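Thanks for taking a look at this one with me. Below are a few numbered points to help you find your way around.

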Amino acid sequence: MEKATVDMWWNCVIKGDAEIDTTKVEPENSRLEDLDPESRSLVEKMMVEQREKAMRERGFVPPGPAGLTSEQADMLRKLQEQNPDMDFSGAKMT
């Protein structure tokens, strides 16, 4: 069964049933480690983009080197993921 509008929650499963209060729905916590590599990469990219958007909305410039192409930024992100103990915050990118 497909929904006509995928960006909206159904308020009930069958018309006439009791409505579902979606504000009380608590999604199950999931871990990135549980995802397949492709899904994990996509979720991590979305998380970074969401953080950067929130920072821009607050007037802050997102951390990281400016002027990188998306390919370079992806390579840097992968390097950071492979080396979680390394601090890249003060790194100068040229």
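**Notes for a first look**

At 53% relative accessibility, Glu33 counts as exposed (exposed means over 50% relative accessible area, buried under 20%, and partly exposed in between, with a 1.4 Å probe and protein chains only). Please keep in mind that this is a predicted model, in which local features need pLDDT of at least 70 and side-chain atom pairs count only at pLDDT 80 or more, while totals for chains, interfaces and linings use all residues. Residues are numbered from 1 along each chain as its sequence is written, and side-chain values use heavy atoms, with hydrogens and water left out.

1. **The overall picture.** The chain has 2 helices and 0 strands (DSSP runs numbered from the N terminus, with H or I over at least four residues for a helix and E over at least two for a strand). Of its 94 residues, 5% are buried. About 9100 Å² of the chain is exposed, and carbon and sulfur atoms supply 53% of that area (areas come from the Shrake-Rupley method with a 1.4 Å probe, and for residues only the protein chains shown count as cover).

2. **Contacts along the chain.** Take the contacts between residues at least 6 apart in sequence: 15% of them join residues at least 24 apart (a contact means heavy atoms within 4.5 Å).

3. **A network around Arg31.** Which residues are linked with Arg31 in a network of salt bridges? They are Glu33 and Asp34 (a salt bridge is a side-chain nitrogen of Lys or Arg within 4 Å of a carboxyl oxygen of Asp or Glu). Between Glu33 and Arg31, the closest N and O atoms are 3.7 Å apart, and the bridge from Arg31 to Asp34 is 3.5 Å, N to O. Arg31 counts as exposed because its relative accessibility is 52%, and Asp34 is exposed too. The whole structure holds 4 salt bridges.

4. **A pair within helix α2.** Another salt bridge brings together the side chains of Arg77 and Glu81, at 2.7 Å from N to O. Both residues belong to helix α2 (residues 70-82), where they sit 4 residues apart, about one turn of the helix. Their side chains are also joined by a polar contact of 2.7 Å (a pair of N or O atoms within 3.5 Å; within protein, one must be able to donate a hydrogen and the other to accept it, and residues adjacent in sequence count only if both atoms are side-chain atoms). Is Arg77 buried or exposed? Arg77 is buried, because its relative accessible area is 12%. Glu81, at 36%, is partly exposed.

5. **Where Arg77 meets Glu44.** Leaving out residues up to four places away in sequence, Arg77 touches Ser41, Glu44 and Val48. Glu44 lies in helix α1 and counts as buried, with 11% relative accessibility. With the same sequence neighbours, up to four places away, not counted, Glu44 touches Leu32, Arg77 and Glu81.

6. **A nonpolar patch.** Do look at the surface formed by Trp9, Val13, Ile14, Ile20 and Val25, a nonpolar patch with about 540 Å² of accessible area together. Patches are made of residues with over 30% relative accessible area and no salt bridge, joining like charges within 9 Å and nonpolar side chains (Val, Leu, Ile, Met, Phe, Trp, Tyr) within 5 Å. Val25 is found in the segment before α1 (37-57), and Val25 is partly exposed, with a relative accessible area of 40%.
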